[in-house]
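Dear colleague,

I am handing over the structure below, and after it you will find what was found in it. Please read the notes with the structure open beside them.

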Amino acid sequence: MEIKLKSLKNRIIKELDEVKDAKFVADLKTKYLGRKGELATILKGLKDLTIEEKPRIGQLANEVKKELVVLFDRAEKLWHGQADEGVDFDPTLPGNRKDKGHLNPSTIVQYEIEDAFSKMGFTVYDGPQLESDYYNFTALNIPEDHPARDTQDTFWVEGKNLLRTHTSNLQIRMLEKHGAPFRGIFPGRVFRYEATDASHDHTFYQLEGLMIDKDINIGNLIATMKTLLSSVFQTDVDVRLRPGFFPFVEPGFEMDIKCLICDGDGCSVCKQSGWLELMPCGMVHPKVLEATGVDPKEYSGFAFGLGLTRMTMMKYRIDDIRLLQSGDLRFLNQF
Ligand code: PHE
């Protein structure tokens, strides 16, 4: 019996070496370890052994069984899902993608917006999130002690640097670098010293846009934004401008879109007003152009600061901003 057990083990090891697919492993397992398999047959002989032999052979049988179980486990893992071609592999079945990751909803919206702007001749740029006071504030016509700084309080680090409060820092950096004419968008992460709640977070995403050329006017701004919004929301959208103040634009506006949920009739989402505030924007202030060496007499242009996080929430009707960065798979797996 001892010999039988050992030779069975060797045979199985050899045959597992020749395995080519998962089915082969399963067949071998039934043949040897199954209820009516060879191992079971050998073990039936245990009862005929003498009292002296029983414990030793019994122990050996147990060890062999354990080893075989391990060997089959390993083979099953190795060949899991791998079928010999033509046996039971159906190439028309969709792949097994369950465990693959996917994009965060804000990234999905960001890519859609990037596509829409690329078609209008805009280039996508990136820039630093750790910024100097100069690029985040001063060059944007927000001098020290200007109250506009208070509304954008943020995280300061040593040496007068800060985590940027908006993507407008790139208006300055890009014009300094590329000069006029210029057409670009700058999506990115921004930071505010903010108590978090369902609609505020300390870290969120904006998408800034800047277009500088000869004879650019507010009509160009509106046309550009309407084109963008219809492509993101897949429908024509109505917009309106209200005056808004930002030191780096003149005139400055808040752009609203007609509520897509009630079509302007008034509902809980638009607080019965029929309009949703979407985006601050305006014509670039001559001082900003001057700070970057662009002649405001020759060039003009518009800038806008689209709330990417906000837009994502609107598009997917997400009612709590904190979900976006929560890493909660119950939320993320819905996209
Ligand atoms: N940077 C501004 C903010 O974060 C938005 C803005 C951008 C306004 C461009 C006008 C033009 O609030």
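**Ligand, domains and a helix pair**

In this predicted model, a polar side-chain atom of R192 lies 3.0 Å from an oxygen atom of the ligand, a polar contact being a pair of N or O atoms within 3.5 Å. An oxygen atom of the ligand is also 2.9 Å from an N or O atom in the side chain of Q206, while for H166 the side-chain N or O atom lies 2.9 Å from a nitrogen atom of the ligand. These three residues, with S168 and G305, come nearest among the 15 residues around the ligand, where a residue counts as near if one of its heavy atoms lies within 4 Å.

The chain is assigned domain 1 (2-82) and domain 2 (105-332), with bounds from an automatic or database domain assignment, and their centres, taken over C-alpha atoms, are separated by 68 Å.

Helix α8 (residues 218-233) and helix α10 (residues 308-316), both DSSP runs (H or I, at least four residues) numbered from the N terminus, have axes that come within 11 Å and cross at roughly 45°. The axes are lines fitted to C-alpha atoms over the stretch in contact, with angles running from 0 to 180 degrees between N-to-C directions. That crossing makes α8 oblique to α10, since angles under 35 degrees count as roughly parallel, over 145 as roughly antiparallel, 65 to 115 as roughly perpendicular and the rest as oblique. In contact (heavy atoms within 4.5 Å), L229, V232 and F233 of α8 meet M311, M314 and K315 of α10.

Residues are numbered from 1 along each chain as its sequence is written, and side-chain values use heavy atoms, leaving out hydrogens and water. Local features need pLDDT of at least 70 and side-chain atom pairs count only at pLDDT 80 or more, whereas totals for chains, interfaces and linings use all residues.

Best regards

Terms used
Helices (H or I, at least four residues) and strands (E, at least two) are DSSP runs, numbered from the N terminus. A polar contact is a pair of N or O atoms within 3.5 Å; within protein, one must be able to donate a hydrogen and the other to accept it, and residues adjacent in sequence count only if both atoms are side-chain atoms.
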